[in-house]
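Thank you all for coming; please have the model open in front of you while I talk. I will go through a cavity, then some helix packing, and then two places in the backbone.

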Amino acid sequence: MDLSAQSSREHAADQIQAARPIGRGSSADRHAEYTAQAETFQVSSGILQVDFEHEKKPSPKSSFVAESQVNQVVDPEQAFAPVYGGFFSPMFAPLRRRYFIIIARATLLIIALMWACLPVYWGALVDSAKLTGNLEALFIDRDGLRVGQGLTQAVQKYSAPGPQLDWTFIKAVNASSDDAVIRMVLEEQIWVAVVIQPNATLRLAQARMNGDQSYDPASAIKVYYSQARNEIATGNYLVPLTTQMLQATTSAYATSTAQRVFAQINSNGQPNSTALQMIANAPQTISPAISWTMVNLRPYQAPAAQAVTLVGNIFLCIFAFMITMANSTARAVVSPHMAFLPYLALRIFVPLMAYLPLSLSYALINLAFDLPLDTKFGPGAGFMVFWVYIYLGMAALGLSIEAMITILTPRFTPFFLFTLILYNVSPVVMPAELQNPIYTYGSGFPIWNLSQALRTIMFDTNSHLGRNIAVIVAWIIMSCGTMTVFTWYMRRREKRRLYAYATASAAVKGKGKGKAGAASLSKAEQGKEKGVE
């Protein structure tokens, strides 16, 4: 009877042991599941405790009692009876301790993440006002006479509190025409160019002499710049500082020339009525006398484009993270039954296929808001090129997350997501000239190159599309390589853990059978001795 009870207990324990999901998910997930099961069975104050190792030991009670105990273990109504209580109930002391440990660890990790990432973004903005001198600015005098010489001297002596541009003065022969200056701006060799137009002095003098009402003071100076190169730098620094400088210098020049003109009119002690009449006909020749015209070569004419070039890239990263989490959940169903190479292909190609409709949907949303996607390549081709770059950017960001989730597991992947977003976005918020040189690392990151490529497609800025796509594709290849290595490593570690677990289970089972055999053998020997007596 004892042997039959022992075998029935072993059979029940083996059934419960076999029901555990050995091959499902990662080792971290199985460990958490085993821990949760163990805690469910071992909590005191009313929850049944089950110990398979001690349960296998022979019991001094009768076989009827042993069989009833086995039946009690597998009874779901008794084994999983719910227990309710307050959060600060003594029965929940172990669970409450674990709860606070988890919250404390998460808080510390988030604080560490703040100090590791947020200073990078803050640092990308903090020095912008101090580095405005790095914005290349040219001052060209094509007049060569009183207007040109006077303004050149005024600009050289100009000084104002706060940020300033560092003007470079070149001779007109070094920039043969305004077309050459425009080409320098569009090719991003310079940020802004102030050009005093040829014969500015002669045209002003003739307008005063003849009372020319058609004279336009703004024709004396032209300012060339490209707003679409970076709308934040041009709006916050480039245009305001240039306007401030020209306002101060032209006002000073107009004041000095007005004094000189009126002194000449009254040179004989009597005013020259003819000259006064000419000035009355064309008062703009006295005030402001000379002014300027702002020529925006690449206007940032679509405010919604900022959602694409900066914030939209963050959205792409978040969408890629969502599909990564969905893929992680889905592949846990099939991964225990797949070989390494098919499983690796599944991890790479399924996200790449999912990015196609996601990127197309994202591109169509931008098309609905009338973004100028036809500026460089035309309506149809412009949209297709835009979609291709969006798809590649999402693939570069998404596959990097897909690779890191292998090592970090879904619990810690959000920390990597935040780091990926912040280190990618920080170099984009300001041009390199207005940031510390350390932020030049951005030229090797996906979002920096994607933002630059989208500016070229929408506003026809200086094209670096070849370099942009090369960097993005390199990130995709690198992510596929790291994913391969990480997957192979985790699978190898998983096999080792499963082998160690199976070996330990076999040893425990063999030990239990050995004890049962020894007990039955001693009872048989005792029976023989009684028979001899």
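Let me begin with the lining of the second largest cavity, whose residues divide into four nonpolar, three polar and two charged, where Ala, Val, Leu, Ile, Met, Phe, Trp, Tyr, Cys and Pro count as nonpolar, Asp, Glu, Lys and Arg as charged, and the others, Gly among them, as polar. Before going further, I should say that this is a predicted model, in which local features need pLDDT of at least 70 and side-chain atom pairs count only at pLDDT 80 or more, while totals for chains, interfaces and linings use all residues. Residues are numbered from 1 along each chain as its sequence is written, and side-chain values use heavy atoms, with hydrogens and water left out.

A cavity here is a set of points, on a 1 Å grid over the protein atoms alone, where a 1.4 Å probe fits but cannot get out, and its lining residues have an atom within 4 Å of a point. Points are joined across faces, edges and corners, and the volume is the space filled by probe spheres set on them. The structure holds two cavities of 30 Å³ or more, and the second largest has about 50 Å³ of space. Its lining is made by Glu231, Ile232, Gln306, Thr309, Leu310, Val428, Val429, Ser451 and Arg455. Helices H10 (231-265), H12 (306-334) and H15 (446-459) are the elements that give two or more residues to this lining, and H12 gives the most, with three; helices (H or I, at least four residues) and strands (E, at least two) are DSSP runs, numbered from the N terminus.

How do H12 and H14 cross? Their axes, which are lines fitted to C-alpha atoms over the stretch in contact, with angles from 0 to 180 degrees between N-to-C directions, come within 7 Å and cross at roughly 55°. H12 and H14 are therefore oblique to each other, since angles under 35 degrees count as roughly parallel, over 145 as roughly antiparallel, 65 to 115 as roughly perpendicular and the rest as oblique. The contact of H12 with H14, meaning heavy atoms within 4.5 Å, has 22 nonpolar, six polar and two charged residues.

Helix H13 (residues 340-368) also meets H14, with axes that come within 8 Å and cross at roughly 140°, and H13 and H14 are therefore oblique to each other. Their contact has 20 nonpolar, four polar and two charged residues.

For helix H6 (residues 93-126) and helix H14 (residues 379-425), the axes come within 9 Å and cross at roughly 10°, which makes H6 roughly parallel to H14. The residues in contact include Leu109 and Leu113 of H6 and Phe412 and Phe415 of H14, and by class there are 14 nonpolar, one polar and no charged residues.

Finally, the backbone: most residues other than glycine have a negative phi, and most peptide bonds are trans. Glutamate 188, however, has a positive phi of about 60°, and lies in the loop between helix H8 (178-186) and strand S3 (192-196). A cis peptide bond, with omega about 10°, joins serine 287 and proline 288, and proline 288 lies in the loop between helix H11 (273-281) and strand S5 (292-296).

Definitions and conventions. 1 Å grid on protein atoms, 1.4 Å probe; cavity = no way out; pocket = protein on both sides within 12 Å on 5 of 7 lines; lining within 4 Å.
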